[in-house]
Amino acid sequence: MSKIPQKWLVIITVLLGTFTVILNNSMLNPAVPHLMNVFGTDAVATGWIITIFMVTMGITMPITGYLGDRIGKKQLYMLGLLLFVIGSLLGSISWSLPSLIVFRGLQGIGGGMMMPIAMALIFEVFPRKERGLATGVYGIAAMMAPTIGPTLGGVIIEMGSWQWLFLCNIPTGILGLVFSAIYLKRTVKVTNISFDLSGFVTVTLGVGAILFALARVSEFTHLRDPLNILLFILGAFAMWLFIRIENNKEQPLLDLSIFKVPAYTYSVLVGSVSSISLFGGIFLLPLLIQNVYGYGAIMTGLTFLPSALLTGIFMTVGGRALDKKGPSLVVTLGLSLIALATVFLGFLSMESGLWIIFLLNAIRGIGMGLSTMPSTTAGMNAIPEQFVSRGSAMNNVLRQMSSSLGIVFFSIYFEVRRSQIEAVNGLTIQEASLQAINEGFIVMAVLTIITIPLGLLLGKEYKKQQQKEN
(Lines give C-alpha, C1' and ligand atoms only; values in the text may rest on other atoms or scores of the structure.)
Protein backbone atom coordinates (compact mmCIF):
# COMPACT_ATOMS: atom_id res chain seq x y z
CA MET A 1 0.00 0.00 0.00
CA SER A 2 2.99 2.29 0.54
CA LYS A 3 3.48 2.61 -3.25
CA ILE A 4 0.00 4.07 -3.71
CA PRO A 5 0.01 7.88 -3.42
CA GLN A 6 -1.51 9.20 -0.19
CA LYS A 7 -4.36 10.99 -1.94
CA TRP A 8 -5.54 7.77 -3.62
CA LEU A 9 -5.44 5.98 -0.30
CA VAL A 10 -7.96 8.59 0.88
CA ILE A 11 -10.23 7.61 -2.03
CA ILE A 12 -9.95 3.90 -1.16
CA THR A 13 -10.68 4.71 2.48
CA VAL A 14 -13.87 6.70 1.89
CA LEU A 15 -15.00 4.21 -0.78
CA LEU A 16 -14.91 1.39 1.78
CA GLY A 17 -17.23 3.26 4.12
CA THR A 18 -19.67 4.92 1.74
CA PHE A 19 -20.09 1.87 -0.50
CA THR A 20 -20.93 -0.20 2.61
CA VAL A 21 -23.57 2.32 3.73
CA ILE A 22 -25.33 2.70 0.36
CA LEU A 23 -25.15 -1.01 -0.50
CA ASN A 24 -26.63 -2.02 2.86
CA ASN A 25 -29.58 0.30 2.50
CA SER A 26 -30.40 -0.91 -1.02
CA MET A 27 -30.01 -4.57 0.04
CA LEU A 28 -32.76 -4.18 2.64
CA ASN A 29 -35.48 -3.07 0.19
CA PRO A 30 -36.27 -6.58 -1.14
CA ALA A 31 -36.02 -7.99 2.39
CA VAL A 32 -39.09 -6.15 3.74
CA PRO A 33 -41.62 -8.93 2.83
CA HIS A 34 -39.35 -11.54 4.45
CA LEU A 35 -38.95 -9.45 7.62
CA MET A 36 -42.74 -9.11 7.80
CA ASN A 37 -42.91 -12.90 8.21
CA VAL A 38 -39.96 -13.00 10.62
CA PHE A 39 -41.51 -10.50 13.04
CA GLY A 40 -45.18 -11.19 12.26
CA THR A 41 -45.95 -7.58 11.32
CA ASP A 42 -47.67 -5.77 8.45
CA ALA A 43 -46.08 -3.84 5.57
CA VAL A 44 -46.63 -0.43 7.17
CA ALA A 45 -44.83 -1.32 10.39
CA THR A 46 -42.02 -3.20 8.65
CA GLY A 47 -41.57 -0.36 6.16
CA TRP A 48 -40.18 1.68 9.05
CA ILE A 49 -36.94 -0.27 8.60
CA ILE A 50 -36.43 1.71 5.38
CA THR A 51 -38.16 4.91 6.51
CA ILE A 52 -36.21 5.46 9.73
CA PHE A 53 -32.86 5.15 7.96
CA MET A 54 -33.88 7.68 5.32
CA VAL A 55 -35.23 10.16 7.88
CA THR A 56 -32.35 9.97 10.40
CA MET A 57 -29.80 10.17 7.60
CA GLY A 58 -31.58 13.16 6.06
CA ILE A 59 -31.81 15.15 9.30
CA THR A 60 -28.18 14.42 10.24
CA MET A 61 -26.67 15.63 6.95
CA PRO A 62 -27.31 19.39 7.39
CA ILE A 63 -25.17 19.58 10.55
CA THR A 64 -22.14 17.75 9.11
CA GLY A 65 -20.64 20.99 7.80
CA TYR A 66 -20.64 22.53 11.29
CA LEU A 67 -19.49 19.32 12.99
CA GLY A 68 -16.73 18.78 10.44
CA ASP A 69 -15.37 22.26 11.14
CA ARG A 70 -15.81 21.92 14.88
CA ILE A 71 -14.38 18.47 15.64
CA GLY A 72 -12.46 17.78 12.43
CA LYS A 73 -13.51 16.01 9.24
CA LYS A 74 -11.50 12.84 9.90
CA GLN A 75 -12.92 12.46 13.41
CA LEU A 76 -16.47 13.04 12.20
CA TYR A 77 -16.13 10.53 9.36
CA MET A 78 -14.73 7.88 11.73
CA LEU A 79 -17.46 8.57 14.30
CA GLY A 80 -20.12 8.12 11.62
CA LEU A 81 -18.59 4.86 10.38
CA LEU A 82 -18.26 3.57 13.95
CA LEU A 83 -21.94 4.32 14.64
CA PHE A 84 -22.89 2.53 11.41
CA VAL A 85 -20.86 -0.56 12.36
CA ILE A 86 -22.36 -0.60 15.88
CA GLY A 87 -25.84 -0.20 14.38
CA SER A 88 -25.12 -3.12 12.02
CA LEU A 89 -23.93 -5.38 14.86
CA LEU A 90 -26.93 -4.52 17.02
CA GLY A 91 -29.25 -4.89 14.02
CA SER A 92 -28.06 -8.46 13.48
CA ILE A 93 -29.12 -9.42 17.02
CA SER A 94 -32.45 -7.56 16.99
CA TRP A 95 -35.08 -9.38 19.05
CA SER A 96 -38.11 -7.47 17.76
CA LEU A 97 -39.16 -5.10 15.03
CA PRO A 98 -38.99 -1.99 17.28
CA SER A 99 -35.42 -2.86 18.29
CA LEU A 100 -34.42 -3.33 14.64
CA ILE A 101 -35.98 0.05 13.76
CA VAL A 102 -33.98 1.76 16.54
CA PHE A 103 -30.73 0.20 15.34
CA ARG A 104 -31.52 1.16 11.73
CA GLY A 105 -31.98 4.73 12.97
CA LEU A 106 -28.50 4.56 14.49
CA GLN A 107 -27.17 3.35 11.13
CA GLY A 108 -28.87 6.32 9.47
CA ILE A 109 -27.24 8.82 11.84
CA GLY A 110 -23.84 7.26 11.11
CA GLY A 111 -24.45 7.32 7.36
CA GLY A 112 -25.65 10.93 7.53
CA MET A 113 -22.34 11.93 9.14
CA MET A 114 -20.24 10.07 6.58
CA MET A 115 -21.76 10.82 3.19
CA PRO A 116 -21.32 14.62 2.96
CA ILE A 117 -17.95 14.64 4.73
CA ALA A 118 -16.49 12.03 2.34
CA MET A 119 -16.52 14.52 -0.55
CA ALA A 120 -14.91 17.19 1.65
CA LEU A 121 -12.12 14.76 2.61
CA ILE A 122 -11.41 14.11 -1.08
CA PHE A 123 -11.35 17.83 -1.88
CA GLU A 124 -8.85 18.35 0.96
CA VAL A 125 -6.18 16.19 -0.73
CA PHE A 126 -6.83 16.69 -4.46
CA PRO A 127 -6.17 19.94 -6.35
CA ARG A 128 -8.97 21.30 -8.54
CA LYS A 129 -7.43 19.92 -11.74
CA GLU A 130 -7.56 16.33 -10.44
CA ARG A 131 -10.89 16.29 -8.62
CA GLY A 132 -12.89 15.07 -11.60
CA LEU A 133 -11.12 11.73 -11.78
CA ALA A 134 -11.00 11.44 -7.99
CA THR A 135 -14.73 11.99 -7.51
CA GLY A 136 -15.43 9.79 -10.54
CA VAL A 137 -13.74 6.87 -8.79
CA TYR A 138 -15.47 7.73 -5.52
CA GLY A 139 -18.83 8.08 -7.27
CA ILE A 140 -18.80 4.36 -8.08
CA ALA A 141 -20.12 3.82 -4.55
CA ALA A 142 -22.99 6.24 -4.99
CA MET A 143 -24.11 4.96 -8.40
CA MET A 144 -23.35 1.22 -8.45
CA ALA A 145 -24.52 0.28 -4.96
CA PRO A 146 -28.24 1.11 -5.49
CA THR A 147 -28.33 -1.02 -8.64
CA ILE A 148 -26.60 -4.17 -7.34
CA GLY A 149 -27.91 -3.95 -3.77
CA PRO A 150 -31.43 -5.33 -4.36
CA THR A 151 -30.04 -8.37 -6.23
CA LEU A 152 -27.47 -9.08 -3.53
CA GLY A 153 -30.08 -8.62 -0.82
CA GLY A 154 -32.41 -11.07 -2.56
CA VAL A 155 -29.64 -13.68 -2.83
CA ILE A 156 -28.79 -13.31 0.89
CA ILE A 157 -32.45 -13.74 1.87
CA GLU A 158 -32.88 -16.81 -0.36
CA MET A 159 -29.61 -18.54 0.52
CA GLY A 160 -28.95 -17.41 4.09
CA SER A 161 -30.64 -15.64 6.99
CA TRP A 162 -31.70 -12.00 7.29
CA GLN A 163 -29.04 -11.35 9.95
CA TRP A 164 -26.37 -11.49 7.23
CA LEU A 165 -27.84 -8.31 5.73
CA PHE A 166 -26.29 -6.57 8.74
CA LEU A 167 -23.32 -8.81 9.54
CA CYS A 168 -21.83 -8.36 6.05
CA ASN A 169 -21.29 -4.66 6.87
CA ILE A 170 -18.98 -5.35 9.79
CA PRO A 171 -15.79 -6.59 8.03
CA THR A 172 -15.75 -3.74 5.48
CA GLY A 173 -16.77 -1.25 8.17
CA ILE A 174 -13.92 -2.27 10.48
CA LEU A 175 -11.49 -2.24 7.54
CA GLY A 176 -12.74 1.25 6.71
CA LEU A 177 -12.08 2.38 10.30
CA VAL A 178 -8.54 0.98 10.21
CA PHE A 179 -7.84 2.68 6.87
CA SER A 180 -9.36 5.92 8.18
CA ALA A 181 -7.12 5.91 11.25
CA ILE A 182 -4.02 5.37 9.12
CA TYR A 183 -4.61 7.26 5.89
CA LEU A 184 -6.99 10.15 6.56
CA LYS A 185 -5.24 13.35 7.55
CA ARG A 186 -6.45 15.34 10.52
CA THR A 187 -7.98 18.60 9.33
CA VAL A 188 -7.73 21.92 11.09
CA LYS A 189 -10.53 22.51 13.61
CA VAL A 190 -12.39 25.81 13.48
CA THR A 191 -12.93 27.04 17.01
CA ASN A 192 -14.41 30.50 16.46
CA ILE A 193 -17.78 29.28 15.17
CA SER A 194 -21.13 29.15 16.92
CA PHE A 195 -23.90 26.57 16.53
CA ASP A 196 -26.98 27.81 14.69
CA LEU A 197 -29.66 26.28 16.93
CA SER A 198 -32.68 27.91 15.26
CA GLY A 199 -31.41 26.83 11.83
CA PHE A 200 -30.82 23.30 13.10
CA VAL A 201 -34.33 23.00 14.60
CA THR A 202 -36.10 24.31 11.48
CA VAL A 203 -34.08 22.31 8.92
CA THR A 204 -34.40 19.13 11.00
CA LEU A 205 -38.15 19.61 11.25
CA GLY A 206 -38.46 20.51 7.56
CA VAL A 207 -36.31 17.75 6.09
CA GLY A 208 -37.56 15.17 8.59
CA ALA A 209 -41.25 15.92 7.97
CA ILE A 210 -40.90 15.88 4.17
CA LEU A 211 -38.84 12.66 4.07
CA PHE A 212 -41.21 11.01 6.54
CA ALA A 213 -44.22 11.99 4.42
CA LEU A 214 -42.57 10.80 1.19
CA ALA A 215 -41.74 7.45 2.81
CA ARG A 216 -45.42 7.01 3.75
CA VAL A 217 -46.65 7.54 0.20
CA SER A 218 -46.75 4.65 -2.28
CA GLU A 219 -50.31 4.93 -3.58
CA PHE A 220 -52.43 7.85 -4.79
CA THR A 221 -54.82 7.50 -1.85
CA HIS A 222 -51.90 8.13 0.53
CA LEU A 223 -51.71 11.71 -0.75
CA ARG A 224 -55.14 12.33 0.78
CA ASP A 225 -54.10 11.00 4.18
CA PRO A 226 -54.56 13.90 6.67
CA LEU A 227 -51.29 13.06 8.44
CA ASN A 228 -49.32 13.11 5.17
CA ILE A 229 -50.91 16.43 4.17
CA LEU A 230 -50.03 17.86 7.59
CA LEU A 231 -46.45 16.58 7.29
CA PHE A 232 -45.97 18.15 3.85
CA ILE A 233 -47.39 21.49 5.05
CA LEU A 234 -45.30 21.40 8.22
CA GLY A 235 -42.15 20.47 6.27
CA ALA A 236 -42.67 23.20 3.67
CA PHE A 237 -43.31 25.84 6.35
CA ALA A 238 -40.26 24.76 8.36
CA MET A 239 -38.05 24.92 5.23
CA TRP A 240 -39.39 28.39 4.39
CA LEU A 241 -38.66 29.50 7.95
CA PHE A 242 -35.19 27.93 7.74
CA ILE A 243 -34.38 29.94 4.61
CA ARG A 244 -35.56 33.16 6.26
CA ILE A 245 -33.43 32.45 9.35
CA GLU A 246 -30.29 31.46 7.44
CA ASN A 247 -30.35 34.57 5.27
CA ASN A 248 -30.11 36.72 8.41
CA LYS A 249 -27.45 34.78 10.31
CA GLU A 250 -23.78 35.73 10.48
CA GLN A 251 -22.82 32.06 10.95
CA PRO A 252 -25.63 30.01 9.37
CA LEU A 253 -25.83 26.23 9.65
CA LEU A 254 -25.98 25.99 5.85
CA ASP A 255 -24.77 29.06 3.99
CA LEU A 256 -27.41 29.51 1.29
CA SER A 257 -25.27 32.16 -0.41
CA ILE A 258 -23.54 29.30 -2.28
CA PHE A 259 -26.64 29.17 -4.49
CA LYS A 260 -25.57 32.59 -5.78
CA VAL A 261 -22.73 30.72 -7.50
CA PRO A 262 -24.40 29.70 -10.81
CA ALA A 263 -22.23 26.62 -11.41
CA TYR A 264 -23.16 25.19 -8.01
CA THR A 265 -26.87 25.79 -8.62
CA TYR A 266 -26.71 24.16 -12.06
CA SER A 267 -24.89 21.16 -10.61
CA VAL A 268 -27.49 20.71 -7.87
CA LEU A 269 -30.30 20.76 -10.46
CA VAL A 270 -28.51 18.19 -12.62
CA GLY A 271 -27.83 15.99 -9.58
CA SER A 272 -31.45 16.18 -8.40
CA VAL A 273 -32.90 15.25 -11.80
CA SER A 274 -30.32 12.46 -12.18
CA SER A 275 -31.39 11.07 -8.79
CA ILE A 276 -35.05 11.16 -9.83
CA SER A 277 -34.16 9.38 -13.08
CA LEU A 278 -31.93 6.79 -11.39
CA PHE A 279 -34.39 5.82 -8.65
CA GLY A 280 -37.38 6.15 -10.96
CA GLY A 281 -35.69 3.58 -13.21
CA ILE A 282 -34.88 1.35 -10.25
CA PHE A 283 -38.62 1.38 -9.44
CA LEU A 284 -40.06 0.97 -12.98
CA LEU A 285 -37.69 -1.56 -14.53
CA PRO A 286 -38.45 -4.41 -12.08
CA LEU A 287 -42.17 -3.85 -12.73
CA LEU A 288 -41.51 -4.02 -16.45
CA ILE A 289 -39.41 -7.18 -16.32
CA GLN A 290 -41.48 -9.09 -13.74
CA ASN A 291 -45.07 -7.84 -14.09
CA VAL A 292 -45.10 -7.35 -17.86
CA TYR A 293 -42.63 -9.87 -19.28
CA GLY A 294 -42.93 -12.44 -16.50
CA TYR A 295 -39.27 -12.93 -15.60
CA GLY A 296 -38.02 -13.52 -12.05
CA ALA A 297 -36.00 -11.49 -9.57
CA ILE A 298 -32.66 -12.92 -10.74
CA MET A 299 -33.23 -11.73 -14.31
CA THR A 300 -34.25 -8.34 -12.92
CA GLY A 301 -30.96 -8.11 -11.07
CA LEU A 302 -29.01 -9.11 -14.17
CA THR A 303 -30.68 -6.29 -16.10
CA PHE A 304 -29.07 -3.77 -13.75
CA LEU A 305 -25.57 -5.27 -13.79
CA PRO A 306 -24.37 -3.91 -17.18
CA SER A 307 -25.70 -0.49 -16.22
CA ALA A 308 -23.92 -0.58 -12.86
CA LEU A 309 -20.61 -1.68 -14.38
CA LEU A 310 -20.74 0.90 -17.18
CA THR A 311 -21.70 3.63 -14.73
CA GLY A 312 -18.56 2.86 -12.73
CA ILE A 313 -16.31 2.75 -15.81
CA PHE A 314 -17.66 5.94 -17.36
CA MET A 315 -17.51 7.84 -14.07
CA THR A 316 -13.74 7.62 -14.30
CA VAL A 317 -13.89 8.52 -18.01
CA GLY A 318 -16.15 11.48 -17.20
CA GLY A 319 -13.87 12.55 -14.37
CA ARG A 320 -10.81 12.58 -16.66
CA ALA A 321 -12.74 14.53 -19.28
CA LEU A 322 -13.82 17.08 -16.66
CA ASP A 323 -10.22 17.61 -15.51
CA LYS A 324 -8.94 18.09 -19.07
CA LYS A 325 -11.77 19.84 -20.92
CA GLY A 326 -14.27 21.07 -18.34
CA PRO A 327 -17.88 19.98 -17.82
CA SER A 328 -19.56 21.28 -20.98
CA LEU A 329 -19.08 18.33 -23.35
CA VAL A 330 -19.06 15.46 -20.87
CA VAL A 331 -22.11 16.54 -18.83
CA THR A 332 -24.13 17.47 -21.93
CA LEU A 333 -23.25 14.16 -23.64
CA GLY A 334 -24.13 12.20 -20.50
CA LEU A 335 -27.52 13.87 -20.07
CA SER A 336 -28.25 13.40 -23.80
CA LEU A 337 -27.52 9.66 -23.57
CA ILE A 338 -29.77 9.30 -20.51
CA ALA A 339 -32.57 11.16 -22.30
CA LEU A 340 -32.20 9.17 -25.55
CA ALA A 341 -32.18 5.75 -23.88
CA THR A 342 -35.07 6.71 -21.60
CA VAL A 343 -37.16 7.88 -24.57
CA PHE A 344 -36.69 4.49 -26.26
CA LEU A 345 -37.69 2.74 -23.02
CA GLY A 346 -40.97 4.64 -23.39
CA PHE A 347 -41.76 2.86 -26.69
CA LEU A 348 -41.38 -0.79 -25.73
CA SER A 349 -44.04 -3.30 -26.79
CA MET A 350 -45.18 -6.69 -25.52
CA GLU A 351 -42.95 -8.27 -28.20
CA SER A 352 -39.78 -6.32 -27.31
CA GLY A 353 -36.79 -8.55 -26.57
CA LEU A 354 -35.14 -8.49 -23.17
CA TRP A 355 -31.83 -7.62 -24.84
CA ILE A 356 -33.29 -4.23 -25.82
CA ILE A 357 -33.93 -3.41 -22.15
CA PHE A 358 -30.39 -4.56 -21.26
CA LEU A 359 -28.97 -2.31 -23.98
CA LEU A 360 -31.05 0.76 -23.17
CA ASN A 361 -30.40 0.50 -19.44
CA ALA A 362 -26.69 0.08 -20.17
CA ILE A 363 -26.74 3.31 -22.22
CA ARG A 364 -28.49 5.03 -19.32
CA GLY A 365 -25.65 3.79 -17.10
CA ILE A 366 -23.05 5.31 -19.43
CA GLY A 367 -24.96 8.61 -19.36
CA MET A 368 -25.19 8.55 -15.56
CA GLY A 369 -21.45 7.95 -15.31
CA LEU A 370 -20.60 10.79 -17.66
CA SER A 371 -22.93 13.39 -16.18
CA THR A 372 -23.64 12.93 -12.47
CA MET A 373 -20.31 13.16 -10.64
CA PRO A 374 -18.65 15.49 -13.19
CA SER A 375 -21.49 18.00 -12.79
CA THR A 376 -21.34 17.72 -8.99
CA THR A 377 -17.57 18.17 -8.97
CA ALA A 378 -17.76 21.18 -11.30
CA GLY A 379 -20.30 22.80 -8.98
CA MET A 380 -18.27 22.07 -5.85
CA ASN A 381 -15.10 23.40 -7.50
CA ALA A 382 -16.88 26.70 -8.13
CA ILE A 383 -17.61 27.49 -4.46
CA PRO A 384 -15.00 28.77 -1.97
CA GLU A 385 -12.92 26.05 -0.29
CA GLN A 386 -14.27 26.90 3.18
CA PHE A 387 -17.81 26.06 2.02
CA VAL A 388 -17.01 22.61 0.61
CA SER A 389 -18.30 20.68 3.66
CA ARG A 390 -21.55 22.61 3.78
CA GLY A 391 -21.97 22.54 0.01
CA SER A 392 -21.55 18.76 0.07
CA ALA A 393 -24.10 18.50 2.90
CA MET A 394 -26.60 20.54 0.89
CA ASN A 395 -25.98 18.36 -2.17
CA ASN A 396 -26.60 15.18 -0.22
CA VAL A 397 -29.79 16.43 1.45
CA LEU A 398 -31.29 17.51 -1.88
CA ARG A 399 -30.34 14.24 -3.56
CA GLN A 400 -31.87 12.27 -0.71
CA MET A 401 -35.12 14.18 -1.10
CA SER A 402 -35.00 13.92 -4.92
CA SER A 403 -34.50 10.14 -4.76
CA SER A 404 -37.49 9.77 -2.45
CA LEU A 405 -39.57 12.09 -4.64
CA GLY A 406 -38.67 10.07 -7.74
CA ILE A 407 -39.81 6.78 -6.22
CA VAL A 408 -43.02 8.31 -4.85
CA PHE A 409 -43.92 10.11 -8.09
CA PHE A 410 -43.42 7.13 -10.38
CA SER A 411 -45.08 4.66 -8.02
CA ILE A 412 -48.19 6.86 -7.84
CA TYR A 413 -48.11 7.55 -11.58
CA PHE A 414 -47.88 3.83 -12.33
CA GLU A 415 -50.71 2.91 -9.98
CA VAL A 416 -53.11 5.63 -11.18
CA ARG A 417 -52.42 5.31 -14.93
CA ARG A 418 -52.53 1.50 -14.96
CA SER A 419 -55.97 1.53 -13.30
CA GLN A 420 -57.24 4.19 -15.74
CA ILE A 421 -55.90 2.42 -18.82
CA GLU A 422 -57.25 -0.95 -17.72
CA ALA A 423 -60.72 0.47 -17.02
CA VAL A 424 -61.06 2.70 -20.10
CA ASN A 425 -59.30 0.69 -22.83
CA GLY A 426 -60.17 -2.81 -21.66
CA LEU A 427 -56.56 -4.02 -21.86
CA THR A 428 -55.07 -6.90 -19.91
CA ILE A 429 -53.20 -6.02 -16.71
CA GLN A 430 -49.87 -6.69 -18.45
CA GLU A 431 -50.74 -4.40 -21.38
CA ALA A 432 -52.04 -1.68 -19.05
CA SER A 433 -48.91 -1.99 -16.91
CA LEU A 434 -46.67 -1.67 -19.99
CA GLN A 435 -48.42 1.48 -21.19
CA ALA A 436 -48.23 3.09 -17.73
CA ILE A 437 -44.52 2.20 -17.47
CA ASN A 438 -43.86 3.55 -20.98
CA GLU A 439 -45.50 6.84 -20.05
CA GLY A 440 -43.44 6.98 -16.85
CA PHE A 441 -40.23 6.68 -18.86
CA ILE A 442 -41.39 9.42 -21.24
CA VAL A 443 -41.99 11.75 -18.29
CA MET A 444 -38.53 10.84 -16.99
CA ALA A 445 -37.00 11.56 -20.41
CA VAL A 446 -38.67 14.97 -20.65
CA LEU A 447 -37.27 15.91 -17.22
CA THR A 448 -33.78 14.92 -18.37
CA ILE A 449 -34.09 16.77 -21.70
CA ILE A 450 -34.91 19.97 -19.79
CA THR A 451 -31.61 19.69 -17.89
CA ILE A 452 -29.40 19.17 -20.99
CA PRO A 453 -28.76 22.93 -21.47
CA LEU A 454 -27.40 23.04 -17.90
CA GLY A 455 -24.36 21.11 -19.11
CA LEU A 456 -23.57 23.93 -21.53
CA LEU A 457 -24.17 26.55 -18.82
CA LEU A 458 -21.81 24.67 -16.50
CA GLY A 459 -19.21 24.83 -19.27
CA LYS A 460 -19.60 28.60 -19.58
CA GLU A 461 -19.16 29.08 -15.84
CA TYR A 462 -16.10 26.82 -15.92
CA LYS A 463 -14.50 28.96 -18.63
CA LYS A 464 -15.21 32.13 -16.62
CA GLN A 465 -13.54 30.58 -13.57
CA GLN A 466 -10.52 29.52 -15.64
CA GLN A 467 -10.13 33.05 -17.00
CA LYS A 468 -10.23 34.50 -13.45
CA GLU A 469 -7.58 32.05 -12.24
CA ASN A 470 -5.33 32.78 -15.21
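Start with the whole chain in view: among contacts in the protein with a separation of 6 or more, 83% join residues 24 or more positions apart. Contact here means heavy atoms within 4.5 Å. Before you click further, note that this is a predicted model, in which local features need pLDDT of at least 70 and side-chain atom pairs count only at pLDDT 80 or more, while totals for chains, interfaces and linings use all residues. Residues are numbered from 1 along each chain as its sequence is written, and side-chain values use heavy atoms, with hydrogens and water left out.

**Stop 1: the whole protein**

Switch to a cartoon view. You will find 18 helices and zero strands; helices (H or I, at least four residues) and strands (E, at least two) are DSSP runs, numbered from the N terminus. Along the principal axes, the C-alpha atoms fill a box of roughly 65 × 50 × 50 Å. The radius of gyration is 22 Å, which agrees with the value near 23 Å for a compact globule of 470 residues. That radius is taken over C-alpha atoms, and the globule rule is 2.2 Å times the number of residues to the power 0.38.

Now show the surface. The protein exposes about 19,400 Å², and carbon and sulfur atoms supply 69% of it; the areas come from the Shrake-Rupley method with a 1.4 Å probe, and for residues only the protein chains shown count as cover. Of the 470 residues, 56% count as buried. Buried means under 20% relative accessible area, exposed over 50%, and partly exposed in between (1.4 Å probe, protein chains only).

**Stop 2: the cores**

Hide the surface and select Leu 28, Leu 35, Tyr 77, Trp 162, Leu 165, Leu 288 and Ile 437. Of the 115 residues in the largest nonpolar core, these touch the most other members. A nonpolar core is a set of buried Ala, Val, Leu, Ile, Met, Phe, Trp, Tyr and Cys residues joined through side-chain atoms within 4.5 Å. Next, colour helix α7 (residues 97–125), which gives this core its largest share, 13 residues.

Zoom in on Trp 162. Beyond residues up to four places away in sequence, Trp 162 touches several others, including His 34, Leu 35, Phe 39, Gly 91 and Leu 100. Then look for a second, separate core of 14 residues, with Tyr 266, Val 270, Ala 339 and Ile 452 among them.

**Stop 3: Leu 253 and Ser 194**

Select Leu 253, in the loop between α12 (226–246) and α13 (262–292). Is Leu 253 buried or exposed? Leu 253 counts as buried because its relative accessible area is 1%. Leaving out residues up to four places away in sequence, its contacts include Pro 62, Ile 63, Tyr 66, Phe 195 and Arg 390.

Now add Ser 194, in the loop between α10 (169–183) and α11 (197–215). Ser 194 and Leu 253 are 59 residues apart along the chain, and their C-alpha atoms are separated by 9.1 Å. Ser 194 is partly exposed, at 44% relative accessible area. Apart from neighbours within four places in sequence, Ser 194 is in contact with Tyr 66 and Gln 251.

**Stop 4: Leu 184 and Leu 227**

Go to Leu 184, also in the loop between α10 and α11. Leu 184 has 4% relative accessibility, so it counts as buried. With neighbours within four places in sequence set aside, its contacts include Val 10, Lys 74, Tyr 77 and Leu 121.

Finish at Leu 227 in helix α12. Leu 227 counts as partly exposed, at 37% relative accessibility. Draw a distance from Leu 227 to Asp 69: they are 158 residues apart along the chain, and their C-alpha atoms are separated by 37 Å.
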